[in-house]
Amino acid sequence: MSRFRKTGKREVPSLSTASLPDLIFTILFFFMITSNLKDRPAKMKIDLPEATQAEEKVEEGQEMIIYIGKGMTGNNGAHPEKNVLQVDNDWVSVENLPGFIHANYLDKGRKDINVTIQADKSTSMGLINDIKKILHEEGIRKIQYVALP
């Protein structure tokens, strides 16, 4: 004879959701720590110049990184003695730079572009001025230069 009797219909206990926000923020924090946002390494050797005065500026918007340096052997046929351009992850000549900007940025509706120029210290200022002139002709006014502190 049993002392405990099953009376009535048995109900499923309710699930407590009090710890759910803690779990969500823990997962969000994990993904924020372990993910890489943008990684566009230079495919050339760049020896940055040292800066006498520098400010760190961080602005929101679209970002384009232009690397200027000597080519390395085995990199897409880039001559080791000649300056080459790498825009983001693509090799671009100075002559093809306006078309590249239109195809990858302006024609896709990206208007507010921040350009970062990371040039080797042996790069002639004439080449940098040519690139700067092309950027101005395309309506890009936010240009930053990278140097060692």
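Among contacts in the chain between residues at least 6 apart in sequence, 68% join residues at least 24 apart. The model on display is a predicted one. Begin with the whole chain in view: buried residues make up 28% of its 149 residues. Its accessible surface comes to about 11,600 Å², and carbon and sulfur atoms account for 54% of that area.

**Colour by secondary structure.** Three helices and five strands appear in the chain. Followed from the N terminus, the elements run α-β-β-β-α-β-α-β.

**Select the five strands.** Together they form an open sheet in the order 3-2-1-4-5, with mixed pairing. Strand 3 (90–92) and strand 5 (142–145) stand at the edges; each has a single partner strand, so one side of each is left without a neighbour in the sheet. Neighbouring strands of this sheet are turned by 25° against each other on average, direction ignored.

**Select strand 4, residues 113–119**. How many of its residues are buried? Seven of the seven are, so strand 4 is largely enclosed by the rest of the structure. Display the side chains next: Ile113, Val115, Ile117 and Ala119 point one way, whereas Asn114, Thr116 and Gln118 point the other way, and all are buried.

**Add the partners of strand 4.** Strand 1 pairs with strand 4 in the parallel sense over seven bridges. To locate this pairing, select Glu63, whose bridge partner in strand 4 is Asn114. Strand 5 also runs parallel to strand 4, and four bridges join the two. Here the residues to select are Val115 and its bridge partner in strand 5, Ile143.

**Select helix 2, residues 97–104**. This helix packs on the sheet and touches strand 1 (62–70), strand 2 (83–87) and strand 3. The direction of helix 2 makes about 140° with that of strand 3.

**Select helix 3, residues 125–137**. Helix 3 lies across strand 1, strand 2, strand 4 and strand 5. Relative to strand 1, helix 3 runs at about 155°.

**Finish at helix 1, residues 20–34**. Select Leu20, Leu23, Ile24, Ile27, Phe30 and Phe31, and show the surface: these residues make a nonpolar patch of about 590 Å². Leu23, a member of this patch, lies in helix 1. Is Leu23 buried, exposed or partly exposed? With a relative accessible area of 46%, Leu23 is partly exposed, because that class lies between under 20% for buried and over 50% for exposed.

Note on methods: Residues numbered from 1 in each chain as written. Predicted model: local features only at pLDDT ≥ 70, side-chain atom pairs only at ≥ 80, totals over all residues. Heavy atoms only, no water. Patch = residues over 30% accessible without salt bridge, like charges linked within 9 Å, V, L, I, M, F, W, Y side chains within 5 Å. Areas by Shrake-Rupley, 256 points an atom, 1.4 Å probe, with all protein chains shown as cover. Salt bridge = Lys/Arg side-chain N within 4 Å of Asp/Glu carboxyl O. Buried < 20%, exposed > 50% of the residue type's maximum accessible area, 1.4 Å probe, protein only. Pairing = 2+ DSSP bridges. Axes fitted to C-alpha atoms, helices over the stretch in contact; angles between N-to-C directions. Contact = heavy atoms within 4.5 Å.
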